[in-house]
Amino acid sequence: MHDAWAVAAEEVPNSLNARLAEIEKLGENPVIVAAVEARNSRGMSMDDIKKRDAEWMANKEGIDEGMREIMENDAAKALRTIEKSEPYYVEMFVVDNQGANVAMTNKTSDFWQGDEEKFTETFKGGQGEVFIAAPEFDDSANAYLIQVSVPVKSSGRTIGALTIGVNLDILADAAER
């Protein structure tokens, strides 16, 4: 399905396809599922989400208390553990059923992902589907990254989405070993 991605003059290694099943299983991590379920049960109005999104994007330099909570909660700790498990994992974040951030390893550029393909194509109105974004060069990582988004599932139904940044250069090196 995702066999041939072109990155400049390189091809994304087939090893990404080989790892998709294990990456998809990350969306079933019990700590992540519990955090998404808790957020979904509280519910946020779209007005509150958009207000928080505007505050988030206006905060260009720092990390406010709400951001810190999303970076330090139990789900964020679980994400950091997962991120450390493979050298090619660069960043991770989890969103609820509206696309609002629940947990993250790094500050995202905005709070609401609900209008972006990484959410809309992954959540799919609750149907859930793996989505792989086009590879992009990331200046801060000085490497080609690809975002892989997988459904967060509880009892077989999609309740949110997990997005994982994968460093293609490191993934290619790992595949060659």
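In what follows, Ala, Val, Leu, Ile, Met, Phe, Trp, Tyr, Cys and Pro count as nonpolar, Asp, Glu, Lys and Arg as charged, and the others, Gly among them, as polar. The model you are looking at is predicted.

**Exercise 1. Sort the residues that line the second largest pocket by class.**

Step 1: Find the pocket, which holds about 220 Å³ of space.

Step 2: List its lining, which is made up of Glu91, Ala133, Ala134, Glu136, Phe137, Asp138, Asp139, Leu145, Ile146 and Gln147. β6 (136–138) and β7 are the elements that give two or more residues to this lining.

Step 3: Apply the classes, and you should arrive at five nonpolar, one polar and four charged residues.

**Exercise 2. Do the same for the largest pocket, and say which strand gives the largest share of its lining.**

Step 1: Here the space comes to about 280 Å³. Of the 17 lining residues, Glu91, Lys107, Thr108, Ser109 and Gln147 are the closest to the centre.

Step 2: At least two residues each come from β3 (89–95) and β7 (143–154), and β3 has the largest share, with four.

Step 3: The class count is five nonpolar, six polar and six charged.

**Exercise 3. Work out how the buried residues of helix α4 are arranged around its axis.**

Step 1: Pick out the buried residues of α4 (residues 65–72), namely Met67, Ile70 and Met71.

Step 2: Look down the axis: the buried residues of α4 fall within an arc of 95 degrees, so they line one face of the helix.

Step 3: Recall the general rule: an α-helix has 3.6 residues a turn, so residues three or four places apart point the same way.

Step 4: Check the partners of these buried residues, which pack against α2 (30–42), α3 (46–58), α5 (74–85) and β4 (101–104).

Key: Residues numbered from 1 in each chain as written. Predicted model: local features only at pLDDT ≥ 70, side-chain atom pairs only at ≥ 80, totals over all residues. Heavy atoms only, no water. Buried < 20%, exposed > 50% of the residue type's maximum accessible area, 1.4 Å probe, protein only. Arc of directions from axis to C-beta. Contact = heavy atoms within 4.5 Å. 1 Å grid on protein atoms, 1.4 Å probe; cavity = no way out; pocket = protein on both sides within 12 Å on 5 of 7 lines; lining within 4 Å. Points joined across faces, edges and corners; volume = space filled by probe spheres on them.
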